[in-house]
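The following questions and answers work through the packing and backbone geometry of one protein chain. Each answer closes on the value or name requested.

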Amino acid sequence: MELRQVRSFLALAEECHFGRAAARLHVAQPALSQQIKQLERELGTTLFHRSTRQVELTEAGRHLTGYARALLAEAERARAHMAELATGRAGRVSVGFIGTATYDVLPHVARTVRARLPNIALDLRGELLTPDLVDGLRTGAYDLAVFRSGTEGLHLTPLRSERLVAVLPAGHPLASGRPVALGDLAGEPFVIHPAQPRSAMYDRVLSACDRAGFRPSSLVEVGETATLVVFVAAGHGVALVPQSVQSLRLDGVTYMPLAEAESVDLVLARRERRNSPATEQVASVIEECVRG
């Protein structure tokens, strides 16, 4: 059966009059009659009792009416869904976030996409390291990624620059008053994101310490940002994090501004080609959520 045959059958079934059904379909009456005869041949049964005075559904025709309505409704749903896919208003998009963007960016993006693009299924993953996100983009595990360093072969969109802040245990001598000078943290153990696989924050923190004239006395490497802050609260050392991490409120720590203007950049990454319309829609939402 072709959809045009189904539409013709249903119009005649509802009108029970060839002239009215043909006018409804904007076709000539002989063409409608031919479509009905062809459909009956294909199905091997008579669908209408015809006389010079009236047209009536046969038992087979009455049964086919339910199927015809369901077929046309399903075809319309498919058409509407294809249109939404083509415009990026439906689909599935996987987004990965580094740990320091997990707490403020990820929830905002999830809420905004759910409100504006309810037919896009989001797969969100947080607390990831940049090397894992880069690999995931290249293998197709992620459609989009939010991280802090550039890499070749990906399309990068700058999102924002963030000042670094110091995370100190509550009660630390520097945990109140004026901004903390990095040099005042010389001799302190540092809780830091890992060197292997290499986090972008690992290099950024050590470079900042180098510019302040010291190397941390010891390093405690932690993969997740939340765990890093917990380690500081437990007294394992101090840390430097982007200021957005301050949204992670935990007892036992104090966030202090730095005297130095140390900052890190946040970028949105995607593959350079073959991005779906839904991916581009979600990318626009992420840009708006971060910049706005």
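Q: Which residues have the most contacts inside the largest nonpolar core?
A: In this predicted model, the largest nonpolar core comprises 33 residues. Elements that each supply at least two of its residues are S3, H6 (105-116), S4, H7, S5, S6, S11 and H10 (277-291). The residues with the most contacts inside the core are Leu 144, Val 146, Phe 147, Leu 266, Val 282 and Ile 286.

Q: Which element gives the most residues to this core?
A: Several helices and strands supply at least two residues each, including helix H6 and strand S5. The element giving the most supplies 7 residues. That element is H10.

Q: Which residues does Val 146 touch, not counting residues up to four places away in sequence?
A: Val 146 is among the residues with the most contacts inside the largest core. Two of its partners, Leu 266 and Ile 286, are also named among those residues. With sequence neighbours up to four places away not counted, Val 146 touches Gly 96, Phe 97, Ile 98, Ala 101, Leu 133, Leu 159, Leu 266, Val 267, Leu 268 and Ile 286.

Q: How many residues does the other core, which includes Phe 190 and Phe 214, hold?
A: This core lies apart from the one described above. Among its members are Ala 175, Phe 190, Leu 206 and Phe 214. The core holds 22 residues.

Q: Why does the aromatic pair of Phe 190 and Phe 214 tie together separate parts of the sequence, and how many residues apart are they?
A: The two rings form a tilted pair, with 6.2 Å between centres and 45° between the planes. Phe 190 belongs to strand S7 (residues 190-192), whereas Phe 214 lies in the loop between helix H8 (200-211) and strand S8 (219-221), so the pair joins parts that are distant by 24 residues.

Q: Is Phe 214 buried or exposed?
A: A residue counts as buried under 20% relative accessible area. Phe 190, at 1%, therefore counts as buried. Phe 214 has a relative accessibility of 10%, so the class of Phe 214 is buried.

Q: Which residues is Cys 209 in contact with, leaving aside neighbours within four places in sequence?
A: Cys 209 is located in helix H8. Its relative accessible area is 0%, so Cys 209 is buried. Leaving aside neighbours within four places in sequence, the contacts of Cys 209 are Phe 190, Phe 214 and Pro 216.

Q: How many disulfides does the structure hold?
A: Cysteines of this chain include Cys 209, which is buried at 0% relative accessible area, and Cys 16, which is partly exposed at 31% relative accessibility. The number of disulfides in the structure is 0.

Q: Why do the buried residues of helix H7 lie on the same side, and what arc do they cover?
A: In H7 (residues 130-139), the buried residues are Thr 130, Leu 133, Val 134, Gly 136 and Leu 137. Their directions around the axis place them on the same side of H7, because the arc they cover is only 160°.

Q: Which elements do the buried residues of H7 pack against?
A: Leu 133 and Leu 137 are among the buried residues of H7. The packing partners of these buried residues include both strands and a helix. They are S3 (91-98), S4 (120-128), S5 (144-147), S6, H8 and S11.

Q: Over how many bridges do strands S6 and S11 pair?
A: S6 (residues 154-169) pairs in the antiparallel sense with S10 (residues 253-257) over 5 bridges, and 4 bridges join S6 to S9 (residues 239-242), also antiparallel. With S11 (residues 263-271) the sense is again antiparallel, and Arg 160 has Leu 266 as its bridge partner there. The number of bridges between S6 and S11 is 9.

Q: What is the phi of Glu 127, a residue that is not a glycine?
A: Glu 127 is found in strand S4. Its relative accessible area is 21%, so Glu 127 is partly exposed. The phi of Glu 127 is positive, at about 55°.

Q: What is the omega of the peptide bond joining Gln 196 and Pro 197?
A: Pro 197 is found in the loop between S7 and H8. The bond that joins Gln 196 to Pro 197 is cis. Its omega is about -10°.

Methods: Residues numbered from 1 in each chain as written. Predicted model: local features only at pLDDT ≥ 70, side-chain atom pairs only at ≥ 80, totals over all residues. Heavy atoms only, no water. Phe/Tyr/Trp six-rings, centres within 6.5 Å; stacked < 30°, edge-to-face > 60°. Buried < 20%, exposed > 50% of the residue type's maximum accessible area, 1.4 Å probe, protein only. Pairing = 2+ DSSP bridges. Disulfide = S-S within 2.5 Å. Arc of directions from axis to C-beta. Contact = heavy atoms within 4.5 Å. Core = buried A, V, L, I, M, F, W, Y, C linked by side-chain atoms within 4.5 Å.
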